[in-house]
Amino acid sequence: MEEVTKVPPPVLERRVRQRQTTVSVLKSKLKHGVTCSVPKVRSTLTGFFPVVRWLPKYKLKEYVLGDFMSGVIVGIILVPQAIAYCLLAGVPPIYGLYTSFYANIIYFLMGTSRHVSVGIFSLMSLMVGQVVNKEMFLAGFDLNEDSKASGLVLNASLGSNLTIGSPHSVELMGVQCGKECYSISIAAALTFMVGVYQLLMAVFRLGFVSVYLSSPMLDGFATGASFTILTVQAKYLLGIKIPRHQGYGTVVVTWFNIFANIHNTNLCDLITSAICISILVAGKEIQERYKDRLKIPFPTELIIVAGATLASHFGDLNSKYDSSVSGHIPTGFIPPQVPSFTLMPRLALDAIPLAVISFAFTVSLSEMFAKKNGYTVRPNQEMLAISFCNIIPSFFHCFTTSAALAKTMVKDSTGCQTQISSLISALVVLLVLLFFAPYFYALQKCVLACIIIVSLRGALRKFKDVPAKLRASRDDGIVWLVAMFATALISVEIGLVVGVVFSMICVIYKTQNPKVSLLGKASDVDLYEDVEEYKNLMPPPRVQIFRFQAPLYYANKDSFLRSLYKAVGVEPFLELTKRRKEEKKAKDMSSKQIKANGDKSNGEVVIGLVERELDFHTIVLDCSAIPFIDSTGMATFEGLVKEYGEIRVNVFLANCNTSVIDLLQKGQFFGKNDKDMSSRLFHTVHAAVLHAKDSYAAAESRSEDSGV
């Protein structure tokens, strides 16, 4: 019978990589940055203004129809929304039109996405409005749009800041500023700060910040903010004149104020709201049901605005029924003005969440529609584009912008090919600004509130998906609920912070309590897997294979040790303590026997009593699911080798990635000059198991020889 020769496992040789020093890297980058040439200047300019690259290649016959149609349709949708969202932002309607006009033009020049529609967004408008109203309240302005608040209002400090009689004003940049002037000054200064933050994020490439805004957290945050928007607009539906609540608990306090003043409901506004919501919802449902047959979306909002404006004008609803109207919207443009630098220190913290959320929505939408339509975008350029969509318009009396999902989807579904469509939308807004703005004077505010509320249908529908979210991933479902409730019940800013912190805590909790498993071998195959997850796996005789599915670092070191001790059933310190107790007990018994017998020749019986046979002689740590370790993790490995070595159990590592190996080598885990590396580290679990068997057999044979 032929003798089977054992084939040794292959030896992998690491490549020698010569890493550059930090100084040389900095020198090369500095040299590359300061050098100037014509090609570099040209590439910098074309990179900063991507329109220079794609506009000369524009396929007129192929693209112009789709771009023109989508631009006109989005512009028609944009006009009523621009006026409506000013209710959220706390500024007069004309500034919403300015914001939409400038943002579309700047993104046309600087954006890399072909489909994204940048402009006013309900969430951004709400967050701007909260800051504007807070600062207006602190400056002593009456926050009620029309007159003093009616009935009972739950806001204990409100009365001290309301001004009665002559119009209140404050001095700003050497000029007396009234309510309208001060509100847009706050919004413009806030927008400038948001743009500066986003520009700094782009320069220092801090786009990774958006990584911490997980999808479930953003969905929950948007849903909670949508509920807040609905609450803020509810008073317009009923025609109740109550000021917007300042501070935490806006949703709870506002609903209390609404029900406390429900007897003051304006029937004209209530009937108008019911009719408008019915028509808007019906229009949306018809569009969704027959979207395959409808080539262009039906402009329901524009029809509602036109019809309601005519009804309010010819019915004289404002004077007869005291219905709130939009008021005079001037035509033309206001001269540019530098944002108030005196307000910026007070707005510095408020601008941070707006900057992050605006950037996150813009980049995520850009990447989503780029993948859908088969092209690429540059995230850092997107950050630059959205930063200048805030910095430059802040000089022209505009407020914070970002990409808007609904209008982007409309552009995509109506044949948009390039950002020429944004230019067309800006021209539609320009026509309104120059000619048609005054015709919206009689438009009721309740109609604008209806447009805002119906636009929230998509976000509010996500409540139906909560059970499915919890079934798919309990952690993601809980993150969604926490972010939603914190945003809706506390405040939008606090909700964002709570959502981010809670989602990060969930990640940390997962790494501190990961899945651990003992592995077994499949028959006739050198494959080792979890014995609890797969059938017909047999653990190797007297070898324990342990897998830890998380990075090993300072925060989960104790969890790693606890799970390992529990899995193998032997804690080395306790085992050593037991053996020492048995040794001491054996010594005592031996000394008693010696004294009783008077025999002093047999004192070596203790050694045989202390040795206890364990179920295993080797532990193999499968490190394939450990992406990285730190110095604490390396110290944990060293402690395991030492402690289990004291009870004659070997500890081997298998399937380590190169970053883990490098750290272990730097920390001299394998001894001086890595002399123990071949006996502790193995490329596969099977190689470690074979080595464990051979080592144990060799140790047994040496023991037998010494015994003989």
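**Exercise 1. Asp316 and Arg648 in their loops**

Task: Establish where Asp316 is found, what sign its phi has, and whether the residue is buried, partly exposed or exposed. Then treat Arg648 in the same manner.

Solution.
- Step 1. In this predicted model, Asp316 sits in the loop that runs between α12 (300–315) and α13.
- Step 2. The phi of Asp316 is positive, about 50°, although the residue is not a glycine.
- Step 3. Partly exposed residues lie between the 20% and 50% limits of relative accessible area. Asp316 has 36% relative accessibility, so it counts as partly exposed.
- Step 4. Arg648 belongs to the loop between α26 (631–646) and β10 (650–654). Its phi is near 65°, again a positive value in a residue other than glycine.
- Step 5. Exposed means over 50%; Arg648, at 64% relative accessibility, therefore counts as exposed.

**Exercise 2. Ser340**

Task: Locate Ser340 relative to α13 and α14, decide whether it is buried or exposed, and identify the side chain joined to that of Ser340 by a polar contact.

Solution.
- Step 1. Ser340 lies in the loop connecting α13 (317–321) with α14 (344–373).
- Step 2. The limit for a buried residue is under 20%. Ser340 has 3% relative accessibility and so counts as buried.
- Step 3. The side chain of Ser340 makes a polar contact of 2.8 Å with the side chain of Thr342.

**Exercise 3. Cysteine pairs**

Task: Determine which cysteines form a disulfide, state its handedness, and explain why Cys276 and Cys656 are not bonded to the closest cysteine.

Solution.
- Step 1. The structure contains 1 disulfide. Its partners are Cys177 and Cys181, with sulfur atoms 1.8 Å apart.
- Step 2. The torsion about the S-S bond of this pair is about -85°, which means that the disulfide is left-handed.
- Step 3. The two partners may now be set side by side: Cys177 is buried at 2% relative accessibility, whereas Cys181 is partly exposed at 33%.
- Step 4. A disulfide requires sulfur atoms within 2.5 Å. For Cys276, the closest cysteine sulfur is that of Cys450, at 4.9 Å, which is too far for a bond.
- Step 5. For Cys656, the closest cysteine sulfur belongs to Cys623, at 3.6 Å, and this is likewise too far for a bond.
- Step 6. Cys276 is buried, with a relative accessible area of 5%. Cys656 is buried as well, with a value of 13%.

**Exercise 4. Annotated spans and a cavity**

Task: Compare the UniProt record for "transmembrane region" with the helix content of residues 181–200 and 220–238. Then describe the lining of the second largest cavity.

Solution.
- Step 1. The unreviewed UniProt entry lists several spans under "transmembrane region", including residues 181–200 and 220–238.
- Step 2. Residues 181–200 are 100% helix and 0% strand, and their end C-alpha atoms are 29 Å apart.
- Step 3. Residues 220–238 are likewise 100% helix and 0% strand, with end C-alpha atoms 28 Å apart.
- Step 4. The count of cavities of 30 Å³ or more comes to 3. The second largest cavity has a volume of about 50 Å³.
- Step 5. The residues lining the second largest cavity are Val232, Lys235, Ile242, Pro243, Arg244, His245 and Thr254.
- Step 6. This lining divides into 3 nonpolar, 2 polar and 2 charged residues.

Conventions
Residues are numbered from 1 along each chain as its sequence is written. This is a predicted model: local features need pLDDT of at least 70, side-chain atom pairs count only at pLDDT 80 or more; totals for chains, interfaces and linings use all residues. Side-chain values use heavy atoms; hydrogens and water are left out. Buried means under 20% relative accessible area, exposed over 50%, partly exposed in between (1.4 Å probe, protein chains only). On a 1 Å grid over the protein atoms alone, a cavity is a set of points where a 1.4 Å probe fits but cannot get out, and a pocket is an open set with protein on both sides within 12 Å along at least five of seven lines; lining residues have an atom within 4 Å of a point. Grid points are joined across faces, edges and corners, and a volume is the space filled by probe spheres set on the points. Ala, Val, Leu, Ile, Met, Phe, Trp, Tyr, Cys and Pro count as nonpolar, Asp, Glu, Lys and Arg as charged, and the others, Gly among them, as polar. UniProt positions are given in the numbering used here, feature names are shortened, and annotations may be inferred rather than shown by experiment. Helices (H or I, at least four residues) and strands (E, at least two) are DSSP runs, numbered from the N terminus. A polar contact is a pair of N or O atoms within 3.5 Å; within protein, one must be able to donate a hydrogen and the other to accept it, and residues adjacent in sequence count only if both atoms are side-chain atoms.
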